[in-house]
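This report walks through a single protein chain, from overall dimensions to individual contacts. Please keep the sequence and the coordinates at hand while reading.

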Amino acid sequence: MTTNGNHDNPGQLTFAVPKGRILDEALPVMARAGVEPEAAFHDPKCRALAFGTNRADMRLIRVRAFDVATFVAHGAAQVGIVGSDVIEEFDYADLYAPVDLGIGLCRLSVARLAEDGENPAGASHLRVATKYPSLTRRHFEAAGVQAECVKLNGAMELAPSLGLARQIVDLVSTGKTLKENGLVETSTILEISARLIVNRTALKTDRRVAALVDAFRRDAESGNGAAAA
């Protein structure tokens with residue numbers, strides 16, 4: 001297995017994968033599609049961001065989920081895996097998401113303090129803590145509410161109790177974290193799953209990208225993941 005992920009090679013494909021919750025589920029899917037990282041990728045002490053793979057013509061980069069979309073949209077990476085929440089938040093024109101991988105399932109929801117009984121539906125302005133300002137604004141605009149978004153990257157559940165924001169918009173899986181912090185879901189903005197994403201130009205110009213799409217699509221259609229999008 002090659003270990004040259006840190007070295008520049010203009011002929012290499014760059015495959016961006018996200019840190020965090022999706023990665024553990026993504027690795028078996030990638031392996032079935034023929035992409036496996038070098039051993040150093042699994043070493044918790046390793047601080048490298050680029051890694052070799054079982055393919056000499058491909059390296060992996062491991063970055064934050066939001067950055068996966070940016071790297072792929074701008075062509076710095078040709079292929080990636082990321083949640084549909086990130087795709088919808090940025091809405092990059094040069095990003096194409098051809099395969100729903102059927103992993104990383106969760107939802108983007110609105111939540112408030114359980115004791116906050118006042119109905120904000122009639123309000124024309126609302127302060128909301130979120131790391132998804134675009135999706136949040138669009139959701140509330142559809143209800144005729146102007147959302148003032150306070151950007152947070154974590155500890156979202158603290159915002160209502162500390163008076164930072166009346167409501168939050170955040171990812172929800174089981175709802176346990178919301179409950180433990182005295183919050184309740186009030187609506188769902190988006191059902192989320194992880195997608196294979198590609199740079200549109202790379203898909204048109206590099207046969208290897210199209211071959212990867214086909215490999216991931218076959219895996220999804222085989223029943224290992226969701227059907228292709």
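The sections below go from the whole chain to its sheet, a helix and two leucines.

## Basis of the values

The model is predicted, so that local features need pLDDT of at least 70 and side-chain atom pairs count only at pLDDT 80 or more, while totals for chains, interfaces and linings use all residues. Residues are numbered from 1 along each chain as its sequence is written, and side-chain values use heavy atoms, with hydrogens and water left out.

## The chain as a whole

The chain holds seven helices and eleven strands, where helices (H or I, at least four residues) and strands (E, at least two) are DSSP runs numbered from the N terminus. Its radius of gyration is 19 Å, which agrees with the value near 17 Å expected of a compact globule with 229 residues; the radius is taken over C-alpha atoms, and the globule rule is 2.2 Å times the number of residues to the power 0.38. Taken along the principal axes, the C-alpha atoms fill a box of roughly 60 × 35 × 35 Å.

Of the 229 residues, 46% count as buried, a term that means under 20% relative accessible area, with exposed meaning over 50% and partly exposed in between (1.4 Å probe, protein chains only). The accessible surface comes to about 11300 Å², and 49% of this belongs to carbon and sulfur atoms; such areas come from the Shrake-Rupley method with a 1.4 Å probe, and for residues only the protein chains shown count as cover. Among contacts (heavy atoms within 4.5 Å) between residues at least 6 apart in sequence, 70% join residues at least 24 apart.

## The six-stranded sheet

An open sheet of six strands follows the order E2-E3-E1-E4-E11-E5, with mixed pairing; two strands are taken to pair if DSSP finds at least two bridges between them. Strand E2 (50-52) and strand E5 (95-100) stand at the edges with a single partner strand each, so one side of each has no neighbour in the sheet. The twist from one strand to the next averages 30°, where axes are lines fitted to C-alpha atoms, for helices over the stretch in contact, and angles run from 0 to 180 degrees between N-to-C directions. Helix H7 packs on the sheet, touching E1, E3, E4, E5 and E11, and its direction makes about 30° with that of E5.

E1 runs parallel to E3, to which six bridges join it, and Val17 stands opposite Arg62 in E3. E1 also runs parallel to E4, here through two bridges, with Ala16 opposite Gly80 in E4. By contrast, E2 and E3 run antiparallel and are joined by three bridges; Phe51 has Leu60 in E3 as its bridge partner, and a hairpin of five residues connects E2 to E3. Six of the six residues of E3 are buried, so this strand is largely enclosed by the rest of the structure. Met58, Leu60 and Arg62 point one way from E3, whereas Arg59, Ile61 and Val63 point the other way. In a regular strand the side chains alternate between the two faces of the sheet.

## Helix H1

Which residues of helix H1 (residues 21-32) are buried? They are Ile22, Leu23, Ala26, Leu27, Val29 and Met30. An α-helix has 3.6 residues a turn, so residues three or four places apart point the same way. The buried residues of H1 pack against strand E1 (13-18), strand E3 (58-63), strand E4 (79-83), strand E11 (194-199) and helix H7 (207-224). Just after H1, Gly34 takes a positive phi of about 95°.

## Leu126 and the pairing of E7

Leu126 lies in strand E7 (residues 125-130) and is buried, its relative accessible area being 6%. E7 pairs with strand E8 (residues 146-151) in the parallel sense over six bridges, and the bridge partner of Leu126 in E8 is Ala147. The chain crosses from E7 through helix H4 (residues 133-142) to E8 in a right-handed β-α-β crossover; right-handed here signifies that, with the strands pointing away from the viewer, the path from the first strand over the helix to the second runs clockwise.

E7 also runs parallel to strand E9 (residues 167-172), with three bridges between them, and Ala129 has Ile168 as its bridge partner in E9. The C-alpha atoms of Leu126 and Ala165 are separated by 8.1 Å, although these residues are 39 apart along the chain.

## Leu113 and its surroundings

Leu113, found in strand E6 (residues 106-113), is buried with a relative accessible area of 16%. Leaving aside residues up to four places away in sequence, Leu113 touches Pro160, Ser161, Asn181, Gly182, Leu183 and Val184. Leu113 and Leu178 are 65 residues apart in sequence and 9.0 Å apart in space, C-alpha to C-alpha.
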